[in-house]
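The exercises below are meant to be worked through in order, with the structure open beside the text. Try each task before reading its solution.

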Amino acid sequence: MRLDTKAMRYLTAEDWRTLTAVETGSRNHEVVPTPLIGQISGLRGGVHKSISALAKVGLIARLKNAKYDGYRLTYGGLDYLALNTYRKRKDVYSVGNQIGVGKESDIFVVADEQGVQRVLKIHRLGRISFRTVKANRDYLRNRSSGSWMYMSRLAALKEYTFMTALRENGFPVPEPLAQSRHTIVMSLIDAFPMRQISSVPDPASLYAELISMILRLAQYGLIHGDFNEFNILIKEETKREIEGDNETETITLTPILIDFPQMVSMDHANAEYYFDRDVNCVKRFFERRFHFTSDEKGPHFTDARKLIGKDGVTRLDVSVEASGFSRKMAKELEAYMKAVGVDGDGDPEAAKGDKEYGDEDEDEDESEREGEEDVEENGAGRQEEAIEVNEPDLLPGK
Ligand code: ADP
Ligand code: MG
């Protein structure tokens, strides 16, 4: 999905207020009645002008066949609200190229006021569900109001919470910078996904590093749940050493882990299944891509379980519950993901129909495909477009 920020600069303070009112009303109305929008916005002059302005640029949509006249927020509207929050908090100043299109997310390069590049991840749960299986549609239809919005929020919150906890405990993950609604902002990792790497100097050491990361996660009570070649970015650092007449160049590869909405506890009912799947993903990829097979079997789940809490480390599966992502939220998100068939992009079943997984590994230009759909062409460079708004300080809640 495109993220067209152009309309932002034309929205008036009243439009923003009206958009926020639709968001507020969406919490308990699938279709927010027009009079309620007026009431929540508190705009005495009426909201009709703003409503039509917002509907015209697709930030809200009039719902057909509703019993009453009303509107719902669109993904575009929610995007704008999140961006406006970032803009006010100075987390994001401009929006640049789209670098990824996942099954359930869009990834953009953004920049702060100093021009430092960051990554904006927008969760879009419900997107594939509406396109695919009928059962999913029925499931969603029977959900309480605004389910896609709520679930996308949960996914973003979960990802932010886990990324923060992992980062605090020294795991190689991006730095989480901000979170709003269905989106997060994190540091940009200047690296390619392992999927795009055709050879490495020493597969055995990279393999060992990845397996030790899986075990270290287990020690902290966690399973990534989607530990695959798309979610491991490989940072390449070249070191030059000169000794006398000899100049040696060593390349070190550092794996950075991303993508956390599907993380599960080592105590999860299916923990063994997820653990094995993560391990096997690495094994399979190393065999196919680098023709490397480890001499060692495993690691096995039963052994990994013995590592939980070793050396007195905090169980992050437990601590995240206290820091904002509750067990109830975890259950709701998991039930939803299961119902719509989102079970990590490492699962070939779940990834059916996903173009990233269309063919087998050897497809050479596969790497170019990610981010192809709907990507805004901005030329070769990364040109950002500043988020401009009118009267930025006249927003609701002030
Ligand atoms: P999804 O849930 O859609 O798989 P990911 O978080 O895995 O989303 O991101 C999709 C792609 O976007 C990644 O494979 C990677 O290429 C890119 N990406 C995501 N986060 C970052 C980041 N912080 N820095 C650089 N690239 C990133
Ligand atoms: Mg991913």
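**Exercise 1. The overall fold**

How many helices and how many strands are there in the protein?

*Solution.* Begin with the status of the model, which is predicted. The count then gives 13 helices and 14 strands in the protein. Turning to burial, the protein has 398 residues, and buried residues make up 49% of them. The accessible surface comes to about 19700 Å², and 48% of that surface belongs to carbon and sulfur atoms. As a last step, take the contacts with a separation of 6 or more, where residues 24 or more positions apart account for 70%.

**Exercise 2. The magnesium ion**

Which residues coordinate the magnesium ion (ligand 2), and are they buried or exposed?

*Solution.* The magnesium ion is coordinated by N231, through OD1, and by D259, through OD, at 2.1 Å. Placing this pair on the chain, N231 belongs to the loop between β10 (222-223) and β11 (232-243), while D259 belongs to the loop between β12 (246-257) and β13 (264-265), so that the pair, 28 residues apart, links distant parts of the chain. For the second part, the cut-off needed is that buried means under 20% relative accessible area. N231 has 3% relative accessibility and therefore counts as buried. D259, with 13% relative accessibility, also falls under the cut-off and therefore counts as buried.

**Exercise 3. The surroundings of ligand 1**

Which residues come nearest to ligand 1, and how much of the ligand does the protein bury?

*Solution.* There are 19 residues around ligand 1, and those that come nearest are S105, K121, I189, N231 and D259. Sorted by class, the shell holds 11 nonpolar, 4 polar and 4 charged residues. The next step is to look for close polar atoms. A backbone N or O atom of F230 lies 3.0 Å from an oxygen atom of ligand 1, a polar side-chain atom of N231 lies 2.9 Å from an oxygen atom of the ligand, and a polar side-chain atom of D259 likewise lies 2.9 Å from a ligand oxygen atom. Ligand 1 taken alone exposes 550 Å², of which the protein buries 91%. The elements that give two or more residues to this shell are β5 (105-111), β6 (117-123) and β8 (183-187).

**Exercise 4. D259 and its partners**

Which side chains are joined to that of D259 by a polar contact?

*Solution.* One partner is K121, whose side chain is joined to that of D259 by a polar contact of 3.0 Å. Another is N231, where the polar contact between the two side chains is 3.3 Å. N231 and D259 have already appeared together as the residues that coordinate the magnesium ion.

**Exercise 5. Backbone exceptions**

Where is a peptide bond cis, and which residues other than glycine have a positive phi?

*Solution.* Start from the general rule that most residues other than glycine have a negative phi, and that most peptide bonds are trans. The peptide bond from G298 to P299 is cis, with omega near 10°, and P299 lies in the loop between α9 (271-290) and α10. As for phi, D259 has a positive value of about 70° although it is not a glycine, and D311 has a positive phi near 65°. D311 lies in the loop between α10 and α11 (316-322), and with a relative accessible area of 65% it is exposed, whereas D259 counts as buried.

Methods
Residues numbered from 1 in each chain as written. Chains lettered and ligands numbered in written order. Predicted model: local features only at pLDDT ≥ 70, side-chain atom pairs only at ≥ 80, totals over all residues. Heavy atoms only, no water. Donors = N, O, S within 2.8 Å, 3.2 Å for Na, K, Ca; no water. Helix = DSSP H or I, 4+ residues; strand = E, 2+ residues; numbered from the N terminus. Buried < 20%, exposed > 50% of the residue type's maximum accessible area, 1.4 Å probe, protein only. Near = heavy atom within 4 Å. Polar contact = N/O pair within 3.5 Å; in protein donor to acceptor, adjacent residues only side chain to side chain. Areas by Shrake-Rupley, 256 points an atom, 1.4 Å probe, with all protein chains shown as cover. Nonpolar A, V, L, I, M, F, W, Y, C, P; charged D, E, K, R; others polar. Contact = heavy atoms within 4.5 Å.
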